[in-house]
Amino acid sequence: MTENVWGYRETSGRLQGVDLSGYKVEALDGAIGKVDKHSDEAGSAYIVVDTGPWIFGKEVLLPAGTVSRIDAEEQKIYVDRTKEQIKNAPEFHREKHLGDTGYHDELADYYRSGDAFGGRPL
C-alpha cells in the first residue's frame, strides 16, 4: 500500500495553524487521552497523545493518516482505530522515537497493516 499515513486526509477538517494541543482524542470505541504534541510537517505529520490512566500514563504517537475527523468546536480528534489497536502499536518513547525514521517506518507499517498487528488499511 502506498498511501501516506503521515499526512492528514483532506476530509479530516485539519486547519493549518490551529494548535491541537489539549484536544481530546477519541478512538472508535472511546476516549484515549489528550494531544500533548503535534506536528504538521509535510510527509511526517502526527499527534502525540498522553493516555493518562488509560495505559498507565504512557504516550502514543499516531500518524496523521489515522485521524478521521477533527472537531475544532468540541476540541476533539477522532481516529479510525480501536483502543486495542492503539495499545498494541509499537511502544513510543518521546526522547528516542520522535526523529527516528526507523520507528516511523515501523509505525507506518503497523497502521497500514490489516494482519495480526490489528491495524487496518487506511
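## Q75 and its backbone

At 42% relative accessibility, Q75 counts as partly exposed. This is a predicted model. Q75 sits in the loop between β5 (67-71) and β6 (76-79). Its backbone deserves a look. Q75 is not a glycine, yet it has a positive phi of about 55 degrees.

## D19 and its partners

D19 belongs to the segment before β1 (24-27). Its relative accessibility is 49%. The upper limit for partly exposed is 50%, so D19 still counts as partly exposed.

Which side chains does the side chain of D19 contact? One is that of S21, through a polar contact of 2.9 Å. Another is the side chain of H38, with a polar contact of 3.1 Å. K37 can also be placed relative to D19. The two are 18 residues apart along the chain. Their C-alpha atoms are separated by 9.1 Å.

## S12, a buried serine

S12 is also found in the segment before β1. Is S12 buried or exposed? With a relative accessibility of 1%, S12 counts as buried. The cut-off for buried is under 20%.

The side chain of S12 has a backbone partner. One of its polar atoms lies 3.2 Å from the backbone nitrogen of R14. R14 appears again below, as one of the residues lining the largest cavity.

## The cavity

Rolling a probe the size of a water molecule over the atoms shows where empty space is left. How many cavities of 30 Å³ or more does a search of the whole structure find? The search finds 1. The largest cavity holds about 40 Å³ of space.

Which residues line the largest cavity? They are G13, R14, L15, V18, L20, Y23, I70 and A72. By type, the lining divides into 6 nonpolar residues, 1 polar and 1 charged. Arg counts as charged and Gly as polar, so R14 is the charged residue of the lining and G13 the polar one.

## T51 in its loop

T51 lies in the loop between β3 (46-50) and β4 (59-63). T51 counts as buried, because its relative accessibility is 3%. Where does its side chain reach? It comes to 2.5 Å from the backbone oxygen of K58.

## H93 between two helices

The loop between α1 (83-87) and α2 (94-97) holds H93. Its relative accessible area is 34%, so H93 is partly exposed. The side chain of H93 makes a polar contact of 3.4 Å with the side chain of E91.

Y8 offers a second reference point. H93 and Y8 are 85 residues apart in sequence. From C-alpha to C-alpha, they are 23 Å apart in space.

## Helix α3

Helix α3 covers residues 101-112, which gives it 12 residues. From its first C-alpha to its last, α3 reaches 16 Å. That is close to the 16 Å expected at 1.5 Å a residue.

Which residues of α3 are buried? They are Y103, H104, L107, A108, Y110 and Y111. Why do these buried residues lie on the same side of α3? They cover an arc of only 160 degrees around the axis, and this puts them on the same side of the helix.

How values were computed
Residues numbered from 1 in each chain as written. Predicted model: local features only at pLDDT ≥ 70, side-chain atom pairs only at ≥ 80, totals over all residues. Heavy atoms only, no water. Helix = DSSP H or I, 4+ residues; strand = E, 2+ residues; numbered from the N terminus. Buried < 20%, exposed > 50% of the residue type's maximum accessible area, 1.4 Å probe, protein only. Polar contact = N/O pair within 3.5 Å; in protein donor to acceptor, adjacent residues only side chain to side chain. 1 Å grid on protein atoms, 1.4 Å probe; cavity = no way out; pocket = protein on both sides within 12 Å on 5 of 7 lines; lining within 4 Å. Points joined across faces, edges and corners; volume = space filled by probe spheres on them. Expected span 1.5 Å × (residues − 1). Arc of directions from axis to C-beta.
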